[in-house]
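Trainee: Could you take me through one part of this model up close? I'd like to look at the loop after one of the strands and whatever it packs against, and then see how that fits with the rest.

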Amino acid sequence: MQLHELVDAVTGQEPPMTRTADDIVAAGRRAQRRRRAGFASAGAAGLVVVAVAGAFALPTLGAGRDTTAAPPPVGAAAGPAEARWADAPPFTFTFKGYDAGPLHVQDPIVASVGYQIASVYSDGHISNDKPVTADEIEAGGDAIERKKRATGGKPSLWAYLTVYRPGVFDPAGVKNGRKVTVAGHQAVQATLPVGLDPSKPVDEGNKLLAWEYAPDAWAAVTSISSSVVTPSFQDLGGLVGGLKPSRPTPAPVPFTVGYVPAGYRPLQSGTHAMPGLSGIAAARAGDFGGATYTRPAAPTSGLTAPYDAAENGIRDGFHIFVTPAASSNQSPEPGVTKCYPGSDRPVPGGDAAGGGFCNIWNTDGTVVLQVSGMGLGNRLPVAELKKIAQGIRVADVRDESTWTPAAQALRP
């Protein structure tokens, strides 16, 4: 699915429902009906889930903020001199969550070869990054109305902070970007199009603010709000002074791979989340981890957004997801590997015979592993996806001490 369809889903007026990729795509295309929100991942038949080859036993799993901020001081001492950022390798977390007026940055959960991403919540807004229950789904509109009343009709918000590695982000590439200075840092701000769809006009509720947090290193907050007024650029500017380096920590994932097809390289990972913006869209869904691979290796310069934010930004790749089986709309089959073919609809630049996904449930049916090529070019045949899945070993999803740093786990 395209990024604008994900945005349309997660920022709809209704709360998200069960996570089925087809449901999300359909939701974005049927504005006249009640929207369905969830996450953008793979799988035509439902939630992406992962499986492990052979006999693997996983234990029963457990799961895992409208006020205007004071304007940031203009012309204040530059931030980069205040703290030193370590020269950390890819797939490393180098900052922690922090508060800035009405905005609340969470700890990063997505890492990649070029950046880290953290969710941003806001006082007075609803963040649609947690699926509703089956009962709420059955209740339909009544549940939606109850949730609206309970939150006092708050506007919806989908926002995230991307901290890029040095040399990766290109501020000159931001379309219609305006150069500004925020808290002594050079910065650029822009208003983004409806649904982040470049073919559509700008929406004043969609904003981007990027700033240089260290020499040649930039961070950017993307805010997609149903309110034109909040968060304002002034609110977003409050995040600049709060971004500080922390002790570099390798981003862990709850699995290791045993086989990766020739030419494919790890692109991004999710820790207690799906990889990439799918993980941000479902940040509080209780997922365990995941990864995205791409071929050829992705560029590590010239970026103005995360890899999966660009239309057709990933032309050939596959996902790995480790999730609670309860998140899937498929019936668990403990210890079984099930593969499903991709769509027979040709994909531009892809292979209609490729795509599909494979699921493997753990022995008690509570955890599922999924390897999926859906939506990523459909170049890998199901036989290859199955081989990838059967080479994966899943750790104890409840014990992070058993997890492996992504940089190590994602290479055979």
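Mentor: Let's start at one stretch of chain and work outwards from there.

First, keep in mind that this is a predicted model. The chain has a mean pLDDT of 78, and 71% of its residues reach 70 or more. Over residues 12–81 the pLDDT is below 50, although this stretch still has 228 contacts in the model beyond near neighbours in sequence. Where pLDDT is low, the predicted coordinates should not be read in detail.

Now to the close-up, the loop between E16 and strand E17 (317–324), which holds both Arg295 and Asp316. The side chains of Arg295 and Asp316 form a salt bridge, with 2.9 Å from N to O. Since both partners belong to that loop, the pair ties together parts that are 21 residues apart in sequence. What about burial, then? Asp316 is buried, at a relative accessible area of 4%, while Arg295 counts as partly exposed at 35% relative accessibility. The peptide bond from Arg295 to Pro296 is cis, with omega near 0 degrees, and Pro296 is found in the loop between E16 and E17 as well.

Go one residue on from the salt bridge and you reach Gly317, which is in strand E17. Gly317 is buried, with a relative accessible area of 4%. Leaving out residues up to four places away in sequence, Gly317 touches Tyr264, Tyr293, Thr294, Gly373 and Leu376. Pick out Tyr293 from that list: the C-alpha atoms of Gly317 and Tyr293 are separated by 5.2 Å, with their positions 24 residues apart along the chain.

Tyr293 is a good place to pause. With residues up to four places away in sequence not counted, its contacts include Asp316, Gly317, Phe318 and Ile320, and also Val257, Val260, Tyr264, Leu410 and Arg411. That brings the acid of the salt bridge, Asp316, into contact with Tyr293 too. Tyr293 is also among the residues with the most contacts inside the largest nonpolar core, which has 62 residues; the others named there are Phe255, Phe318, Ile320 and Ile392. A second, separate core of 26 residues includes Val182, Ala214, Ala217 and Val221. In soluble globular proteins, nonpolar side chains tend to be buried together.

Next, how do the charges elsewhere compare with the pair we began with? The count comes to three salt bridges. One of them joins the side chains of Asp129 and Arg284, at 2.6 Å from N to O. Asp129 lies in the loop between strand E6 (126–127) and helix H3 (134–139), and Arg284 in the loop between helix H6 (276–281) and strand E16 (289–294), so this pair ties together parts that are 155 residues apart in sequence. Asp129 counts as buried at 3% relative accessibility, and Arg284 is partly exposed, with a relative accessible area of 42%. Arg284 has a second role in the picture: it lies over the face of Tyr121, at 4.9 Å from the ring centre.

Another salt bridge is between the side chains of Lys338 and Glu333, at 3.0 Å from N to O. Here Lys338 is partly exposed, with a relative accessible area of 28%, and Glu333 is partly exposed too, at 27%.

There is a further charge over a ring: the charged end of Lys387 sits over the ring of Tyr259, 4.3 Å from its centre. As for rings with rings, the count comes to nine aromatic pairs. Ring pairs link Tyr115, Tyr164, Phe169, Trp218 and Tyr307 into a cluster.

Finally, a few backbone details to set beside the cis bond in our loop. The peptide bond from Thr230 to Pro231 is cis, with omega near -10 degrees, and Pro231 sits in the loop between strand E11 (217–225) and helix H5 (233–237). Ala183 is not a glycine but has a positive phi of about 50 degrees; its place is the loop between strand E8 (178–182) and strand E9 (185–193), where Ala183 is buried with a relative accessible area of 13%. Leu196, also not a glycine, has a positive phi of about 60 degrees and belongs to the loop between E9 and strand E10 (202–214). Leu196 is buried, with a relative accessible area of 13%.

Terms used. Residues numbered from 1 in each chain as written. Predicted model: local features only at pLDDT ≥ 70, side-chain atom pairs only at ≥ 80, totals over all residues. Heavy atoms only, no water. Phe/Tyr/Trp six-rings, centres within 6.5 Å; stacked < 30°, edge-to-face > 60°. Lys NZ or Arg CZ within 6 Å of the ring centre and 35° of its normal. Core = buried A, V, L, I, M, F, W, Y, C linked by side-chain atoms within 4.5 Å. Buried < 20%, exposed > 50% of the residue type's maximum accessible area, 1.4 Å probe, protein only. Contact = heavy atoms within 4.5 Å. Salt bridge = Lys/Arg side-chain N within 4 Å of Asp/Glu carboxyl O. Helix = DSSP H or I, 4+ residues; strand = E, 2+ residues; numbered from the N terminus. pLDDT = per-residue confidence, 0-100.
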